[in-house]
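Let's take a guided walk through this model together. Have the viewer open, and follow along as we go from one end of the story to the other.

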Amino acid sequence: MNFLIHSFFPIAFASAIALSGCASEPTIADLMREHAETTKSEAELKTRLSSEWERGSKLLSSGENKVSEGNELIEDAQKDLKKGQDMVSEGQKEIDEGRSLMRMSEQLFREKFPTLRLETGK
């Protein structure tokens, strides 16, 4: 908004002089002031644009770092997930094998020693 005011100031200034009822042309001093205002507006715009560029550069760098770190975390999480899934799978196989061995040994014991009692108080 400030930029618009400064952009239109030279036009408004020249219009004010023209509409003021003066029959004379603007003086050299008036023209110098007009050029000074234009230069001031341009300098302010350049300063604002350079500040925005610097902010953009910092955001770019910060964003790239976050993306890189985020990708590393995702890779680590995927490795951990795979490791966890492998552990669950291995554990499930051990459980199945353990139950099978218990069942077979109990069955074989009952067959070999039918007179012995295997019931617990549970």
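**A walk along the chain**

Phe113 is partly exposed, because its relative accessible area is 41%, a value that falls between the 20% limit for buried and the 50% limit for exposed. Please keep in mind that what you are looking at is a predicted model. Phe113 sits in the segment after H2, and it makes a good starting point for the tour.

Which residue partners Phe113 in an aromatic pair? The structure holds one aromatic pair. Phe109 and Phe113 form this pair, with 5.0 Å from centre to centre and 45° between the planes, and it counts as tilted. The label follows from the angle, because planes under 30 degrees apart would count as stacked and those over 60 as edge-to-face. Phe109 is partly exposed too, as its relative accessible area is 30%.

The two rings also belong to a wider group. Together with Leu116 and Leu118, Phe109 and Phe113 make a nonpolar surface patch of about 330 Å².

Now step back to the whole chain. The protein chain has two helices and zero strands. Its accessible surface comes to about 10900 Å², and carbon and sulfur atoms account for 61% of that. How many of its residues, as a percentage, count as buried? Of the 122 residues, the answer is 4%.

With that picture in mind, let's turn to charge. Side chains of opposite charge can pair when their charged atoms come close. In this model the count comes to five salt bridges, and we can visit several of them.

Begin with Asp30 and Arg33, whose side chains meet in a salt bridge of 2.8 Å, N to O. Both residues lie in helix H2, three residues apart, which is about one turn of the helix. Is Asp30 buried or exposed? Asp30 counts as buried, because its relative accessibility of 14% is under the 20% limit. Its partner Arg33 is partly exposed, with a relative accessible area of 46%.

Further along helix H2, the side chains of Arg48 and Glu52 meet in a salt bridge of 3.0 Å, N to O. Here the spacing is four residues, again given as about one turn of the helix. Arg48 is partly exposed at 39% relative accessible area, and Glu52 is partly exposed at 44%.

The next stop has no such pairing. Glu69, Glu72, Glu75, Asp76 and Asp80 gather in a patch of negative charge on the surface. One of them, Glu69, has its place in helix H2, which covers residues 28–112. Why does Glu69 count as exposed? Glu69 does so because its relative accessibility is 51%, and the limit for exposed is over 50%.

Our last stop concerns Arg110 and its acidic partners. Glu119 forms a salt bridge with Arg110, and the closest N and O atoms are 3.4 Å apart. Arg110 is partly exposed with a relative accessible area of 36%, while Glu119 is partly exposed with 45%. Which residues are linked in a network of salt bridges? Glu106, Arg110 and Glu119 are the linked residues.

To retrace the route in the viewer, start from the tilted pair of Phe109 and Phe113, and see how the nonpolar patch takes in Leu116 and Leu118 as well. Then look at the network of Glu106, Arg110 and Glu119, and finish at the negative patch that includes Glu69.

Key:
Residues are numbered from 1 along each chain as its sequence is written. This is a predicted model: local features need pLDDT of at least 70, side-chain atom pairs count only at pLDDT 80 or more; totals for chains, interfaces and linings use all residues. Side-chain values use heavy atoms; hydrogens and water are left out. Patches are made of residues with over 30% relative accessible area and no salt bridge: like charges are joined within 9 Å, nonpolar side chains (Val, Leu, Ile, Met, Phe, Trp, Tyr) within 5 Å. Accessible areas come from the Shrake-Rupley method with a 1.4 Å probe; for residues, only the protein chains shown count as cover. A salt bridge is a side-chain nitrogen of Lys or Arg within 4 Å of a carboxyl oxygen of Asp or Glu. Lys and Arg count as positive and Asp and Glu as negative; His and the chain ends are not counted. The place of a charge is taken as NZ of Lys, CZ of Arg, CG of Asp or CD of Glu. Buried means under 20% relative accessible area, exposed over 50%, partly exposed in between (1.4 Å probe, protein chains only). Rings of Phe, Tyr and Trp (its six-membered ring) pair if their centres lie within 6.5 Å; planes under 30 degrees apart count as stacked, over 60 as edge-to-face and the rest as tilted.
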